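Got the viewer open? Set it to cartoon view, keep the selection box handy, and let's walk through this one stop at a time.

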Amino acid sequence: MERAIITISESGRVNIPSKSVWMSEMELVELFGVIAPTLRAAIKAIYRSGTLSPATTLRCDLAMPKGWATFYNLEVVIALAFRLSTYEASRIRQKVLEGFSQRKESGIDFLILLGDNSYLYYN
């Protein structure tokens with residue numbers, strides 16, 4: 001599987017590649033600066049709420065010659081950025097929202113469902 005990962009530089013600059021983003025649990029732990037149980041709980045909560053479906057956002061692939069790993073796509077990364085309260089999550093949220101602002105000139109509207117019947121609307 002060809003994939004790319006999101007990175008944050010030491011200066012706080014977020015790089016979201018244009019390639020297909022799929023990240024392993026360990027990569028997400030490092031990206032968001034959380035421990036694995038915290039990450040797993042957040043992912044479970046996202047799936048339990050029905051916001052995202054594991055069928056379209058999760059895949060298991062061979063990560064090394066003798067082992068399998070679970071990978072999550074960009075939708076999960078963005079949902080985690082809005083669910084977790086770490087410095088790294090706030091940097092990713094800011095980058096995502098900047099991307100929405102830049103697209104405003106092209107006349108695209110965005111509606112982000114946050115669960116609990118609440119949403120963010122960008123015009």
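What follows is a tour from the whole chain down to single residues.

**The whole chain.** Keep in mind that this is a predicted model. Colour by secondary structure and you should get five helices and seven strands. Going along the sequence, they come in the order β-β-β-α-α-α-β-β-α-α-β-β. Now colour by accessibility: of the 123 residues in the chain, 34% are buried. If you draw a contact map, look at the pairs with a separation of 6 or more; 45% of those contacts join residues 24 or more positions apart.

**Helix α1.** Select residues 25-32, which make up α1. Show side chains for Glu27, Leu28, Val29, Leu31 and Phe32, which are buried. Step just past the end of α1 to Gly33, where phi is positive at about 65°.

**α1 against α2.** Add residues 36-49, helix α2, to the selection. Two numbers describe a packed helix pair: the angle between the axes and the distance between them. For α1 and α2 the angle is about 105° and the axes are 10 Å apart, so the two helices are roughly perpendicular. Turn on sticks for Glu25, Leu28 and Val29 on the α1 side, and for Ala36, Leu39 and Arg40 on the α2 side, to see what makes the contact. Sorted by class, that contact has four nonpolar residues, two charged ones and no polar ones.

**α2 against α4.** Hide α1 and bring in residues 74-83, helix α4. How do α2 and α4 pack? Their angle is about 105°, with 10 Å between the axes, which makes α2 roughly perpendicular to α4. From α2, select Leu39, Ala42, Ile43, Ala45, Ile46 and Tyr47; they meet Val76, Ala79, Leu80 and Arg83 of α4. This contact has nine nonpolar residues and one charged residue, with no polar ones.

**Zoom on Ala42.** Centre on Ala42, which belongs to α2. Buried or exposed? Ala42 is buried, because its relative accessible area is 6%, below the 20% cut-off. Skip the neighbours within four places in sequence, and the contacts of Ala42 are Leu80, Arg83 and Leu84. Try the distance tool on Ala42 and Leu80: they are 38 residues apart along the chain, yet their C-alpha atoms are separated by 6.9 Å.

**Arg83 from the other side.** Now flip the view to Arg83, in helix α4. Beyond the four places either side in sequence, Arg83 touches Ala42, Ala45 and Ile46. Select Arg93 as well: it is 10 residues from Arg83 in sequence and 9.9 Å from it in space, C-alpha to C-alpha.

**Glu75.** Stay in α4 and pick Glu75. Glu75 is partly exposed, because its relative accessible area of 45% falls between the 20% and 50% cut-offs. Which residues does Glu75 contact outside its neighbours within four places in sequence? They are Leu52 and Thr57. Leu58 is 17 residues from Glu75 in sequence, and the C-alpha to C-alpha distance is 9.9 Å.

**Last stop: a charge and a ring.** Select Arg59 and Trp22 and show their side chains. The charged end of Arg59 sits over the Trp22 ring, 4.8 Å from its centre. If you go hunting for aromatic pairs as well, the count is zero.

Notes. Residues are numbered from 1 along each chain as its sequence is written. This is a predicted model: local features need pLDDT of at least 70, side-chain atom pairs count only at pLDDT 80 or more; totals for chains, interfaces and linings use all residues. Side-chain values use heavy atoms; hydrogens and water are left out. Rings of Phe, Tyr and Trp (its six-membered ring) pair if their centres lie within 6.5 Å; planes under 30 degrees apart count as stacked, over 60 as edge-to-face and the rest as tilted. A charge sits over a ring if NZ of Lys or CZ of Arg is within 6 Å of the ring centre and within 35 degrees of the ring normal. Axes are lines fitted to C-alpha atoms, for helices over the stretch in contact, and angles run from 0 to 180 degrees between N-to-C directions. Helices (H or I, at least four residues) and strands (E, at least two) are DSSP runs, numbered from the N terminus. Angles under 35 degrees count as roughly parallel, over 145 as roughly antiparallel, 65 to 115 as roughly perpendicular and the rest as oblique. Contact means heavy atoms within 4.5 Å. Ala, Val, Leu, Ile, Met, Phe, Trp, Tyr, Cys and Pro count as nonpolar, Asp, Glu, Lys and Arg as charged, and the others, Gly among them, as polar. Buried means under 20% relative accessible area, exposed over 50%, partly exposed in between (1.4 Å probe, protein chains only).
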